Amino acid sequence: MTHPAPQPDPYVRVVKRFALAAKLESAGDMLNWDANVNMPKGGAWARGEQMAAISEVSVDLIGSRAASDELGEAEAMANALEADERSDLAEMRRKWAHASAAPAELQIEKARMSQTLQSLWVQAKADNDFKSFAGPLADLLSVVREIAAAKAEALHTTPYGALIDEFMIDPIFDDLAAYLPATIAEVNERQTRWPAIVPTGPVPEDRQAVLSKRITQAVGIDFNHVRIDQAPHPFSVPHSPGDVRFTTRYDVHNVRFGIMATLHEAGHSMYEYNLPREWAFRSAGVARGASAHESQSLSLEMLAGRSREFLSFLAPLMAETLGVDPAATTYDNILNIWRRLDDDYIRVEADELSYPLHVILRYRLEQALLKGDLQVADIPGAWNELFEKLLGRTPPTMAQGCLQDIHWSAGLFGYFPNYAMGSMLAAQLFECATAESPDILPSLGQGNFKPYFDWVRPRIHARASLVDFATLVKDATGRPLGTEAYKRHIKRRYLEEAGL
């Protein structure tokens, strides 16, 4: 007589279900990487079908009644679980709540449409042609609105609130919008006395690529597990333990952009690489949300990457690799370039003070789009009007204005606030890190990021999603997320440090 095989306990069973969905999500992320790096333009339709298929299976796995029932069985025995397992279970329930809130067919259609629209965005930006992009974007926005409305009802929040992370944005953004314009004016007035910049370009892309690799080696990137490619918009690939990929972009006339983009994406990659491998593909084993992720990229790009110590390492490295006028790669000239406030229009090239205002602009427009107060056809005019109000100038082209970001074409409405929230967290973390570990800044002058990562790894990376965002921030910095550390940093770096 045969006996049935023993069934795994409810927690193990539900972990397996959600891990399978996580592995499919990881495969989808790799397909998206390929679409931006290798795929021929004509492959967008097929890639959209592939992404839709992954979405269909994933939504069924983690958003179904069966998933909820398995979660319920595991929750009934939660007292027998370890604390980290209970955190994992809570994360699975949170994922189920989001996956089950909106009809599956809408989530599948969003995955399909966004893949095609990303290809259209690349061409529309190149052609400075919003009109050709507007119709398909309106179609995608219609689907996003339906998903947001369904989630809002299920999660008892607003439609826009259903698309963002779990903290209060408005108080921080209102504070920044009030603080930054006068501070920018004060810094600009101070910088009128600085010497003229010696241009560093043009520099061929292949030389910039050599420099990028040297910088990522200094950061601590292990090229057995990480690769760098080029894409129209720099990004990193999450959810793939041990196979971390990021893209950058080079501008022959703007060397700083490629360097800062590389540092930004290297910060993302180090977060992914340092996540606890024993929690790979588990719901609590991923990064603690987009704002935490952006804090790690912006810590390298904005805080470490613009520090006097790092620039003293970078200047001779640029001189060695770029083959430009020696006057362009002196420490004083590099400091002048990296610290100078810009009068440009591009978020990813913005200085530390202007950057949050770029994000606030997108946040306000997204809210209006989700509410239906702003129609897609009216985005260019609304963008330029708000840009003038916040930053005092008007983008000369749509490629430098409302077409500059890939996010809306990818369906990533609600992502932009994470950049400014991540900036605040980066300043808060870096202030604590440099106070508690005095070796960090001197080590950056030697091109050594290890002391910084030794501080941040146990406090942020190793904790993954085992605690909520508010707890992660308070445990690491001793206080809730706010603007105070960012303001202290700006005052110190741009108004108190000795000028050039």
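This tour moves through a predicted model, one selection at a time.

**The nonpolar cores**

Begin with Phe 173, Ile 259 and Phe 449, the residues with the most contacts inside the largest nonpolar core, a set of 120 residues. Keep Ile 259 selected and display its surroundings. Beyond the neighbours within four places in sequence, Ile 259 is in contact with Leu 211, Ile 215, Leu 314, Met 318 and Trp 338. A second core, separate from the one just shown, has 17 residues. To find this second core, select Val 15, Leu 71, Leu 81 and Leu 466, which are among its members. As background, nonpolar side chains tend to be buried together in soluble globular proteins.

**The largest cavity**

Turn next to the enclosed spaces. The structure contains five cavities of 30 Å³ or more, and the largest of them holds about 200 Å³ of space. Its lining consists of 17 residues; select His 239, Ser 240, Pro 241, Leu 275 and Gly 285 to see those closest to the centre. Then colour helix 1 (10-37) and helix 9 (255-274), each of which supplies at least two residues of the lining of this largest cavity.

**Salt bridges around helix 19**

A search of the whole structure yields 27 salt bridges. Select Asp 175 and Lys 487, whose side chains meet in one of these, with 2.9 Å from N to O. This pair joins distant parts of the chain: Asp 175 belongs to helix 7 (residues 170-191) and Lys 487 to helix 19 (residues 484-496), 312 residues apart. Asp 175 is partly exposed, at a relative accessible area of 25%, and Lys 487 is likewise partly exposed, at 23%.

Stay on helix 19 and add Arg 493 together with Glu 352. The two form a salt bridge in which the closest N and O atoms are 3.0 Å apart. Here too the pair links distant parts of the chain, 141 residues apart, with Arg 493 in helix 19 and Glu 352 in the loop between helix 12 (331-339) and helix 13 (355-371). Are Glu 352 and Arg 493 buried or exposed? Both residues are buried.

Now select Lys 491 and Glu 496. Their salt bridge has its closest N and O atoms 3.8 Å apart. Lys 491 has a relative accessible area of 46% and is therefore classed as partly exposed.

For a network of salt bridges, move to Glu 49, Glu 109 and Arg 112, which are linked to one another in this way.

**Tyr 355 and its surroundings**

Return to helix 13 and select Tyr 355, which is placed in that helix. Because its relative accessibility is 2%, Tyr 355 counts as buried. Which residues does Tyr 355 touch, not counting those up to four places away in sequence? They are Leu 298, Met 302, Arg 347, Ala 350, Tyr 419 and Ser 423. Add Ala 420 and draw a distance between the C-alpha atoms: Tyr 355 and Ala 420 lie 7.5 Å apart in space, although 65 residues separate them in sequence.

**Cysteines**

Select Cys 402 and Cys 432 in turn. Cys 402 has a relative accessibility of 7% and so counts as buried; Cys 432, at 9%, is also buried. A disulfide is a covalent bond between the sulfur atoms of two cysteines. The count of disulfides in this model is zero.

**Backbone details**

The last stops concern the backbone. Most residues other than glycine have a negative phi, and most peptide bonds are trans.

Select Gly 201 and Pro 202 and inspect the bond between them, a cis peptide bond with omega about 0 degrees. Pro 202 is located in the loop between helix 7 and helix 8 (205-219).

Proceed to Asn 128, a residue other than glycine with a positive phi, near 55 degrees. Asn 128 sits in the loop between helix 5 (104-127) and helix 6 (130-155), and its 31% relative accessibility makes it partly exposed.

Finish at Phe 281, in the loop between helix 9 and helix 10 (289-304). Phi of Phe 281 is positive, about 65 degrees, although the residue is not a glycine. With a relative accessible area of 27%, Phe 281 is partly exposed.

Note on methods: Residues numbered from 1 in each chain as written. Predicted model: local features only at pLDDT ≥ 70, side-chain atom pairs only at ≥ 80, totals over all residues. Heavy atoms only, no water. Salt bridge = Lys/Arg side-chain N within 4 Å of Asp/Glu carboxyl O. Helix = DSSP H or I, 4+ residues; strand = E, 2+ residues; numbered from the N terminus. Buried < 20%, exposed > 50% of the residue type's maximum accessible area, 1.4 Å probe, protein only. Disulfide = S-S within 2.5 Å. Core = buried A, V, L, I, M, F, W, Y, C linked by side-chain atoms within 4.5 Å. Contact = heavy atoms within 4.5 Å. 1 Å grid on protein atoms, 1.4 Å probe; cavity = no way out; pocket = protein on both sides within 12 Å on 5 of 7 lines; lining within 4 Å. Points joined across faces, edges and corners; volume = space filled by probe spheres on them.
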